[in-house]
Amino acid sequence: MDRPLPVVDDSNRHYWDGARQHRLVMQRCVECRTWVHPPRPMCPGCRSERLVPEELSGKGRVYSWSVMHSGGNPGFEQRIPYAVLVVELDEQKGLLTIGNIIDCAAEDIEIEMPLEVTWEDVTDEITLPQWRPAAAVATS
Ligand code: ZN
């Protein structure tokens, strides 16, 4: 069985439309500029309902993670062991998102490790944002 895929609805369509275009897009408050994720009808900062989709840099850091060593949900057995990350995005303290890490062994994950988004095109409709260690910035 394939793993279950996200259900797209009116509240999260901006996020999945962005992902399909390989752009990380989340709600942002027009009034106080707070980023809001997961999607909500109201800004937690100022209670405005004027939230619009805006693109983020796709950069973040490891906030927390967990490594799955046994099956639980159908469709994930062949991935075991795999890591589920909580990523804090660079744009805002406390702006968190969830994903898997690729190009990195579970034992090499560290708190605060710099990450960048990458894209897993699963179907014509669904692209999953995933995370990998950020490319080292060249210094001179
Ligand atoms: Zn606000």
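Let me begin with a term: a residue is called buried when its relative accessible area is under 20%, exposed when that area is over 50%, and partly exposed in between. By that scale K59, with a relative accessible area of 35%, is partly exposed. Please keep in mind throughout that what we are looking at is a predicted model.

K59 is a good place to start, since its side chain forms a salt bridge with E116, in which the closest N and O atoms are 3.2 Å apart. E116 lies in strand β7, residues 114-121, while K59 belongs to strand β4, residues 59-68, so this pair ties together parts of the chain that are 57 residues apart in sequence. In contrast to its partner, which is partly exposed, E116 is buried, with a relative accessible area of 13%.

E116 also meets the side chain of R132 in a salt bridge, again with a distance of 3.2 Å from N to O. Here the link runs between strand β7, which holds E116, and strand β8, residues 127-133, which holds R132, and the two residues are 16 apart in sequence. R132, for its part, counts as partly exposed, at 29% relative accessibility.

Let me turn now to the metal. Which residues hold the zinc ion? The protein donors are the SG atoms of C29, C32, C43 and C46, and they lie 2.3 to 2.4 Å from the ion. The angles among these four donor atoms run from 102 to 115 degrees, and the site is tetrahedral. Along the sequence, the donor residues follow the spacing C-x2-C-x10-C-x2-C. C29 sits in strand β1, residues 25-29, and C46 in the loop between β2 (35-36) and β3 (51-55), so that pair ties together parts that are 17 residues apart in sequence. Is C29 buried or exposed? C29 is buried, with a relative accessible area of 0%, whereas C46 is partly exposed, at 34%.

The loops that flank β2 are also joined by a salt bridge, in which the side chains of E31 and R50 meet at 2.9 Å, N to O. Because E31 lies in the loop between β1 and β2, and R50 in the loop between β2 and β3, the pair ties together parts that are 19 residues apart in sequence. Both ends are partly exposed, E31 at 45% relative accessibility and R50 with a relative accessible area of 49%.

To close with the wider count, the structure holds nine salt bridges, and R28, R33 and E54 are linked in a network of such bridges.

Note on methods
Residues numbered from 1 in each chain as written. Predicted model: local features only at pLDDT ≥ 70, side-chain atom pairs only at ≥ 80, totals over all residues. Heavy atoms only, no water. Donors = N, O, S within 2.8 Å, 3.2 Å for Na, K, Ca; no water. Tetrahedral: all angles 85-135°; square planar, octahedral: opposite > 155°, others 65-115°. Helix = DSSP H or I, 4+ residues; strand = E, 2+ residues; numbered from the N terminus. Buried < 20%, exposed > 50% of the residue type's maximum accessible area, 1.4 Å probe, protein only. Salt bridge = Lys/Arg side-chain N within 4 Å of Asp/Glu carboxyl O.
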